[in-house]
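Got your viewer ready? Load the model, pick a cartoon view, and keep the selection box handy.

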Amino acid sequence: MDVTRLRHYLKAPLYRNSLYLIANTVFTTGLGFFFWMVVARFYTPYEVGVASAIISTVYFLSLLSMLGLDVAIIRFLPRAQKPVELINSCLTLNGLIALVVGGIFIAGLSLWSPALVFVRENAVFILAFLLFAFSWTLSGTIGAIFIAKRRAEFNLAKNTIISLLKIPLPILMVLFFHAFGIVSSWGIAAGIAVVICLFFFLPRVQDSYKPVPNLNLNIVKNIWKYSVGNYLASILAAIPSFILPLMIVNLLSGQQNAYFYIAWTIASILFSIPFAASQSLFAEGSHFEDKLRINANKAIRFALVLLVPATILVVVLGKWLLLLFGASYSSNALTLLWILGSSSIFVGINSVYYTILLVRHRIRELLVLRGLITIAVLVTSALIMPAMGIVGIGYAWLGAQALVSIYVALAIRWRYRVKRA
């Protein structure tokens, strides 16, 4: 590729923001590897497994708390008449709900995750858990604002700050908090990054922005109908990554969840490529819906060009990547990593199609597809995990993604024929 053509790609918002989002995941995941390598040296596999389950829980609670407004922000902020008021209303509402949802989760720990009930028995852990859920919810909402404004480089900056800050903290906290020391390192870093974004980054992205708590329910109500469907779709998409760690901790062991979590984290680098292309496509589709088909073709080609060699590298180098965390991770998680890596092409095809459905407001079809994957993964995993262990989860995930990709190919082919006719 010559320099002129490369510059052309970098100037196009679709490619530029995709590359920033991919760089965000690759760079922060690379630092995340170093974080988990540090953690693996100072904490037992059981503590790593329990901590990763708590972190997955906070991720999911933050998703619940955002009410789908993160997706609605990407869709409607570019054309909002009162963008500052919209931003602050979404941040305020999401933050308040995060505290409520976090409190409900802690109150019912003995019901949905007895293995994590120790969090409820320590007042410091309870307060920290609520603050971390609050911070991560705001972080997700802020990230959507950056994407909506087509300034994904600030997402990279935000997550780099989080990744750098959290590395030394587990060493300081290992003597006092055990498994929760890992969670605290991650949560404190997220909180600091949110403060930096509110006072320094957002004013550079949105003119006249000031971080003032505000709750204009009329503004939120206007985008709520669109948010509801996306909210449900986002929850369905996130349920496997939330429920599976809890299933493993409670049905297998915390140690097995540590192996699963590291393999899933490595595979997530691959998943991030089509996800980044899809997020950028969504932003472009929100600005220029008439160019959706052209941009969708560009997005899928762009994703596959990067995804295929990256998948091959992860499969070939998987053993050595896992050895960075310890020999036990390599011997117990390698097969799972291979299976998850093999699913990335299907994940890529499905991600772009989901974005097309979002822009076209075909939310019902999106909900059906997301729901089918979630049900298939959880039910199949529950049935075969006792016999096959965490490898069974990989097969369930691969099979569900492949089946949806077959549907996507048939649906696109059928609709293309109808249009030509």
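Here is a walk through the model, from the overall fold to a few local stops.

**The whole chain.** Keep in mind that this is a predicted model. Colour by secondary structure and you get 17 helices and 0 strands. Of the 421 residues, 56% are buried. Among contacts with a separation of 6 or more, 82% are between residues 24 or more positions apart. Switch on the surface: about 18500 Å² is exposed, and carbon and sulfur atoms supply 68% of it.

**Helix H7.** Now select residues 123-148, which form helix H7. How far apart are its end C-alpha atoms? They are 38 Å apart, and that agrees with the 38 Å that 26 residues should span at 1.5 Å a residue. Try hiding and showing the rest of the protein around H7: 19 of its 26 residues are buried, so the helix is mostly covered.

Zoom in on the start of H7 and show side chains. An Asn 122 side-chain oxygen comes to within 2.9 Å of the backbone nitrogen of Val 124. Then jump to the other end, where Arg 150, just after H7, has a positive phi of about 60°.

**Two more positive phi values.** Most residues other than glycine have a negative phi, which makes the next two stops worth a click.

Select Leu 67, in the loop between helix H3 (45-66) and helix H4 (69-76). Leu 67 is not a glycine, yet its phi is positive, at about 60°. Is this residue buried or exposed? Its relative accessible area is 13%, under the 20% cut-off, so Leu 67 counts as buried.

Next, go to Ser 208, in the loop that links helix H10 (179-205) and helix H11 (217-251). Ser 208 also has a positive phi, near 65°. Its relative accessibility is 71%, over the 50% cut-off, so this one counts as exposed.

**A nonpolar patch.** For the last stop, select Leu 304, Val 308, Ile 312, Leu 313, Val 316, Leu 317, Trp 320 and Leu 323, and show them on the surface. Together they make a nonpolar patch of about 730 Å². Look at the spacing in the numbering as you click through. An α-helix has 3.6 residues a turn, so residues three or four places apart point the same way. Finish on Leu 323, which lies in helix H13 (residues 292-323). With a relative accessible area of 36%, Leu 323 falls between the 20% and 50% cut-offs, so it is partly exposed.

Note on methods: Residues are numbered from 1 along each chain as its sequence is written. This is a predicted model: local features need pLDDT of at least 70, side-chain atom pairs count only at pLDDT 80 or more; totals for chains, interfaces and linings use all residues. Side-chain values use heavy atoms; hydrogens and water are left out. Helices (H or I, at least four residues) and strands (E, at least two) are DSSP runs, numbered from the N terminus. The expected span of a helix is 1.5 Å times one less than its number of residues. Buried means under 20% relative accessible area, exposed over 50%, partly exposed in between (1.4 Å probe, protein chains only). A polar contact is a pair of N or O atoms within 3.5 Å; within protein, one must be able to donate a hydrogen and the other to accept it, and residues adjacent in sequence count only if both atoms are side-chain atoms. Patches are made of residues with over 30% relative accessible area and no salt bridge: like charges are joined within 9 Å, nonpolar side chains (Val, Leu, Ile, Met, Phe, Trp, Tyr) within 5 Å. Accessible areas come from the Shrake-Rupley method with a 1.4 Å probe; for residues, only the protein chains shown count as cover. A salt bridge is a side-chain nitrogen of Lys or Arg within 4 Å of a carboxyl oxygen of Asp or Glu. Contact means heavy atoms within 4.5 Å.
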